[in-house]
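Please open the structure in your viewer and keep the selection tool at hand. The tour below goes from one selection to the next and says what is found at each stop.

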Amino acid sequence: DAGANDRVFFSGTGAFDFAAAGISISVGEITVSPGVSLSTTDGVINLLASETILVDSGASLSTVDGGISMTANPDGSTNGDRYSVHLLGSSLTTSGTGAIEIEGTGGFSTSGFNAGVGMELGATIRSTSSLSTAGPISVHGVGKQGVGSTHNTSSWGVHTRDVGTAISSAYGDISITGVGGYRTDTLTASNSWGVYLSGLDIDSTGTGPDAAKITIEGQTPSLGGASSVTGVGVRFGGANVSVESVDGDLSIVGRSGDTATLGSQRGVELLNFGAIRSTGTGDHAASILIDGRLGTGEATVSSVGVAIDGAASVISTVDGDVNITGDGGLGPGTFRRGVSVNAALASTGVGLGAGNITVSGTAGSEGHGFGALIDGDWTTVDGDITVTGTGKSNSIRSGLGLSLKAAIASTGTGPEAVSY
């Protein structure tokens with residue numbers, strides 16, 4: 001435990017095995033250099049940096065029942081690095097009950113963007129225990145809040161990218177949460193996103209009622225911002241993003257639009273991603289929930305609760321239900337849509353237990369609001385498909401409840417065959 005201005009470097013190619021003793025460090029900056037291994041059995045690896053933490057390429061941190069805790073820039077006062085907690089081609093693993101907890105608050109950087117937590121170049125976080133007591137994984141990031149001396153065009157809570165970057169677990173729940181940043185000075189930011197995944201594979205491989213749940217939640221800040229800001233709660237962007245679960249429920253929840261000066265708002269925005277899949281069968285099959293809502297802030301341009309768009313993007317299930325819900329919010333501004341989907345949706349389940357697909361959109365409170373705009377190729381065997389939309393209109397502009405352009409096909413032949 002040293003001063004806030006001190007630096008700690010783990011270097012070399014050897015292993016630092018603390019066994020049951022654990023290690024706790026509280027300094028200004030912590031670096032785990034390439035090739036370094038830190039491990040415990042029952043002891044906790046506790047890293048607290050008032051500035052930044054870097055776990056560099058090829059480095060690894062592992063625990064059994066102790067846990068791994070990493071916190072950087074907790075008061076948001078440090079500027080200069082694009083990520084406060086930075087996993088750069090490194091690995092974190094728990095093989096027992098030990099939890100992995102990562103938390104960072106961003107600072108303005110010279111990279112054009114900042115994020116509280118960043119994973120890239122094949123960084124991995126894994127919980128490998130096959131027991132119901134397996135250690136959970138939690139990643140939480142907050143973008144830089146308030147005035148800074150350096151202009152960033154984007155401020156994100158959590159950011160992941162690159163092929164091979166992954167988070168996986170069998171029975172320890174996975175949670176990724178983030179809050180976007182904002183600026184209060186005249187140098188306006190353009191992107192305030194809570195969770196931004198441009199490259200990440202998330203997998204829950206466990207089976208049965210104790211299988212790892214996957215939760216992704218993001219929001220934009222309720223204060224600050226400028227008229228040019230694009231606010232997104234949760235954003236997927238790129239074919240290298242996929243989320244898959246066998247039996248652990250999967251939820252993606254985004255909130256945006258509580259700031260009156262936001263320009264464009266998205267609760268959940270999933271663009272050209274790879275796939276979101278529930279592969280389980282039977283009573284415990286993973287359900288998929290995608291829920292995006294806008295708040296009371298004014299939207300000066302077109303905004304939407306849930307936007308899903310990708311010619312090659314797929315949302316699929318076997319026996320787990322899929323629910324997509326979007327709300328355009330109560331704030332002023334036209335073209336506030338509930339749900340917009342232009343992607344492939346599929347339910348391949350057979351019989352009474354087949355997964356149902358339900359989409360519901362409610363337009364914003366002002367006129368010319370569309371409830372649900374539906375396109376893409378949708379297929380099912382025996383699962384039901386239900387789509388509802390509620391539009392809003394006023395004396396000047398009309399609204400539309402449901403626009404249905406999707407190609408919907410049912411291949412079921414028995415008494416449980418789909419209705420839609």
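Begin by selecting serine 242 together with alanine 275, its bridge partner in E24. Keep in mind throughout that what is on the screen is a predicted model.

**The strands around E21**

Now widen the selection to the two strands that this pair belongs to, where E21 and strand E24, residues 275-278, run in the parallel sense and are paired over 4 bridges. On turning to strand E18, residues 200-204, you will find that it is also parallel to E21 and is joined to it by 5 bridges. To see one of the pairings between these two strands, select isoleucine 202, whose bridge partner in E21 is valine 243. How many of the 5 residues of strand E21 are buried? If you colour residues 241-245 by accessibility, 4 of the 5 turn out to be buried, so strand E21 is largely enclosed by the rest of the structure.

**A charged pair between E21 and E24**

Next, show the side chains of arginine 277 and glutamate 244, which meet in a salt bridge with an N to O distance of 4.0 Å. Because arginine 277 lies in strand E24 and glutamate 244 in strand E21, this pair ties together parts that are 33 residues apart in sequence. Arginine 277 counts as partly exposed, at 33% relative accessibility, and glutamate 244 is likewise partly exposed, with a relative accessible area of 29%.

**Further salt bridges**

A search of the whole structure finds 10 salt bridges, and two further ones are worth a stop here. Select aspartate 291 and arginine 255, which form a salt bridge in which the closest N and O atoms are 3.1 Å apart. Aspartate 291 belongs to strand E25, residues 288-294, and arginine 255 to strand E22, residues 250-256, so that the pair links distant parts of the chain, 36 residues apart. Is each partner buried or partly exposed? Aspartate 291 is buried, with a relative accessible area of 10%, while arginine 255 is partly exposed, with a relative accessible area of 33%. If you add Arg293 and Asp327 to the selection, you will have a network in which salt bridges that share partners join Arg255, Asp291, Arg293 and Asp327.

Then move to arginine 266 and glutamate 269, whose side chains meet in a salt bridge at 3.3 Å, N to O; both of these residues are buried.

**Aspartate 319, without a salt bridge**

Now select aspartate 319, which you will find in the loop between strand E26, residues 303-317, and strand E27, residues 322-327. Aspartate 319 is buried yet has no salt bridge, and the nearest side chain of opposite charge, that of arginine 277, is 15 Å away. What lies 2.8 Å from a polar atom of the side chain of aspartate 319? It is the backbone nitrogen of glycine 282. Leaving aside neighbours within four places in sequence, the residues in contact with aspartate 319 include Gly280, Thr281, Gly282 and Ala285, and also Gly349, Val350, Gly353, Ala354 and Gly355.

**A last stop at threonine 230**

Finish by selecting threonine 230, which is found in strand E20, residues 230-237, and which counts as partly exposed, at 24% relative accessibility. Adding serine 154 lets you look at a pair that is 76 residues apart along the chain, with the C-alpha atoms of threonine 230 and serine 154 separated by 9.3 Å.

Definitions and conventions:
Residues are numbered from 1 along each chain as its sequence is written. This is a predicted model: local features need pLDDT of at least 70, side-chain atom pairs count only at pLDDT 80 or more; totals for chains, interfaces and linings use all residues. Side-chain values use heavy atoms; hydrogens and water are left out. Buried means under 20% relative accessible area, exposed over 50%, partly exposed in between (1.4 Å probe, protein chains only). Lys and Arg count as positive and Asp and Glu as negative; His and the chain ends are not counted. A polar contact is a pair of N or O atoms within 3.5 Å; within protein, one must be able to donate a hydrogen and the other to accept it, and residues adjacent in sequence count only if both atoms are side-chain atoms. Contact means heavy atoms within 4.5 Å. Two strands pair if DSSP finds at least two bridges between them.
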